[in-house]
Amino acid sequence: MSPVPSLAEAVRQRVSDALAAVLPEAAGADPLLRRSDRADLQANGMLALAKRLKGNPRELAGRVVGEVATEGLIGDIEVSGPGFLNITLTDEAILRTLMARAGDERLGVPVAERPGTVVIDYSQPNVAKEMHVGHLRSTVIGDALTRILEFRGEKVVRRNHVGDWGTQFGMLTQYLIEHPHELDHQGSEESGGAAMSRLNRLYRDSRAVFDSDPEFKERARRRVVELQAGDAETMALWQRIVDESKIYFNAIYQRLDVLLTDDDLVGESAYNDDLEAMARELEDSGVGVRSDGALCVFFDDVKGPDDQPVPLIVRKADGGFGYAATDLAAIRNRVGALHADTLLYVVDARQALHFRMVFETARRAGWLPEGVAHHLPFGTVLGKDGKPFKTRSGETVRLMDLLDEAVERASEVVASKAPDLSAAEVAERATDVGIGAVKYADLSTSRARDYVFDLDRMVSLNGDTSVYLQYAYARIQSILRKAAERDAAAAPHPELPLAPAERALGLQLDGFGETLASVAETYEPHKLAAYLYGLASHFTTFYDQCPVLAAPEPAMVANRLFLCELTARTLREGMALLGIHTPERL
Ligand code: ARG
């Protein structure tokens, strides 16, 4: 495994060395390199620097040009405009860097400089309830971030913080005591859908009694106390409900092909035994104060519409703990016991205030060092009408139905493109295409934005979709298979001049590692999606402009096959990091 510095990094180093040589005060200054249309790279750093040192930017740039070591990397460097540097790389440098990437199983991508332990909280559906599109977003984004951070060498601990605790479990378990057969299986069906139907029925039936019968309501309330005290019978019933939900969650996770397993499932209930001590510590330290019997934390800048302070309620006046309490206990556990350097929470943007208050409370209590916890908010999934995504009758859309429909649409696309495939072949590819489409549509939108759930667009062959990327990959595989039939091998020829489309593709290929570094720094997977879309687009242009197997001479064929191969590997790796398959044939 040997990391390959990108061409941009190599140039940055050379320009910065030259800068330090002509102007010792500028040692360590960033030459501010960007991709440019005028040349391969443009350095803008001379402008601000000259201004700061009261010099002339054009003159400074000119002296830097005279000092830059160009050999083996830079073909042309010149001053332009008010003092930019336009830099063109040599074709040979591009190919040699790509050769180094091709020779490394990680494509030359370095690991993080100081890898640490990241605890990532994602998916987090609620027990006994259907998952909704918000949980879909959290699951897909969290899973991609896990893969990317692991690839960067971080130790990633997944925490599926399921909602498996709270007052509704008093109602559900009490109802089960009074109706012991409610969750019994009809027949032997063990599908996620069957489990969810049983839970839906339990939820609906117990809710109906709860709302209409005050005595049941009181029994349910007492049951919560039993549950929180760990009463064995109540716990056993609660466990049945959790297990039933797990069947359903796992069916969804399997369908989505995400990394989550039962080991990652550490729900709100897992912190029950810590809540008492956590609350005492908060109260003893004065971070939490009693207000109308409840244990609260106040913030200067959090006020309600009436300008009254809105506290974070850690413990209710009746002694019950809520959502905030489990999150606080989880922080203590993740930082204290799991030794996390970074805590990530992939949760709906509407919970931003909750996390702000929870993080600030944990910080005041001394449980959370500054800069460790990050809420990664995401936007809402909308219907075509621009309103939050619902069925026509206004109910939440069942996730499994949605995924099935995506695969169904994908199979139409796959079958229309390759009419000679067998039904089994169509089905297999349709899963990769349909699930990939749903994931990609989510991951290619910047996290915080809302997006419209539109299956027609998601499975479209044109535009920024996973199918487009999957087709680019499959097309390359088909070229490589043809090449193998003709005994044409892929081999780089760094002495050959590159056509414009080859250069552009080569430069894009070189940017993979930098893209991943930036995704890992900002936790924004859409940057990887955008990079891959750019890569597929550059490949399409290359393929249109540069015949591969029909290139005029064998060395050129070999060189272009080399570019094809590296593009395919980069696409496959990049898509895999988003959690999306790239079938060999489509
Ligand atoms: N279960 C919650 C919901 O469905 C999300 C939990 C988010 N994670 C957390 N640590 N609070 O809205």
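## Briefing: a 586-residue chain and its ligand shell

Let's start at one residue: Thr234 sits in helix α9, which covers residues 232-256. Please keep in mind that this is a predicted model. The protein chain has 20 helices and 13 strands, and its C-alpha trace spans about 85 × 70 × 45 Å along the principal axes. The points below begin with Thr234 and then move on to the chain, the ligand and some other residues.

**Thr234 and its surroundings**

- Thr234 counts as buried because it has 22 C-beta neighbours inside 10 Å, and the cut-off for a buried residue is 20 or more.
- Beyond the neighbours within four places in sequence, Thr234 is in contact with Thr173, Arg223, Glu226 and Leu227.
- Gly170 is 64 residues away from Thr234 in sequence, yet their C-alpha atoms are 8.7 Å apart in space.

**The chain as a whole**

- Of the 586 residues in the protein chain, 42% are buried.
- If you take the contacts between residues at least 6 apart in sequence, 73% of them join residues at least 24 apart.

**The ligand shell**

- Eight names are worth having at hand if you want to look at the ligand: Asp121, Gln124, Asn126, His161, Gly163, Asp327, Tyr345 and Val347 surround it.
- By residue class, this shell around the ligand holds four polar, two charged and two nonpolar residues.

**Spans annotated in UniProt**

- An unreviewed UniProt entry lists residues 9-89 as "domain: Arginyl tRNA synthetase N-terminal".
- In the model, residues 9-89 are 41% helix and 23% strand, and the C-alpha atoms at the two ends of the span lie 12 Å apart.
- The unreviewed entry in UniProt also gives residues 125-135 as "short sequence motif: 'HIGH' region".
- Residues 125-135 are 27% helix and 0% strand, with 6 Å between their end C-alpha atoms.

**Helix α14**

- Helix α14 runs over residues 423-443, 21 residues in total, and reaches 30 Å from its first C-alpha to its last, close to the 30 Å expected at 1.5 Å a residue.
- There is nonetheless a kink of about 25° in α14, and Ala430 is at its centre.
- α14 is mostly covered, with 15 of its 21 residues buried.

**Val68, a buried loop residue**

- Val68 belongs to the loop that links α3 (57-67) with β3 (74-80).
- Val68 is buried, because 21 other C-beta atoms lie within 10 Å and the cut-off is 20 or more.
- Leaving aside the neighbours within four places in sequence, the contacts of Val68 are Arg14, Val15, Ala18, Ile74 and Ile77.
- Leu95 is 27 residues from Val68 along the chain, and 21 Å separates their C-alpha atoms.

**Two residues with positive phi**

- Lys54 has a phi near 55°, a positive value in a residue other than glycine.
- Lys54 is found in the loop between α2 (45-52) and α3, and it counts as exposed because it has 6 C-beta neighbours inside 10 Å, where the cut-off is 12 or fewer.
- Asp487 is not a glycine either, but its phi is positive, at about 60°.
- Asp487 lies in the loop between α16 (466-485) and α17 (500-510).
- With 6 C-beta neighbours inside 10 Å, Asp487 counts as exposed.

Note on methods
Residues are numbered from 1 along each chain as its sequence is written. This is a predicted model: local features need pLDDT of at least 70, side-chain atom pairs count only at pLDDT 80 or more; totals for chains, interfaces and linings use all residues. UniProt positions are given in the numbering used here, feature names are shortened, and annotations may be inferred rather than shown by experiment. Helices (H or I, at least four residues) and strands (E, at least two) are DSSP runs, numbered from the N terminus. Two residues are in contact if their C-beta atoms, placed from the backbone, lie within 7 Å. A residue is near a molecule or strand if its C-beta atom, placed from the backbone, lies within 6 Å of it. Ala, Val, Leu, Ile, Met, Phe, Trp, Tyr, Cys and Pro count as nonpolar, Asp, Glu, Lys and Arg as charged, and the others, Gly among them, as polar. The expected span of a helix is 1.5 Å times one less than its number of residues. The bend at a residue is the angle between axes fitted to the seven residues ending there and the seven starting there.
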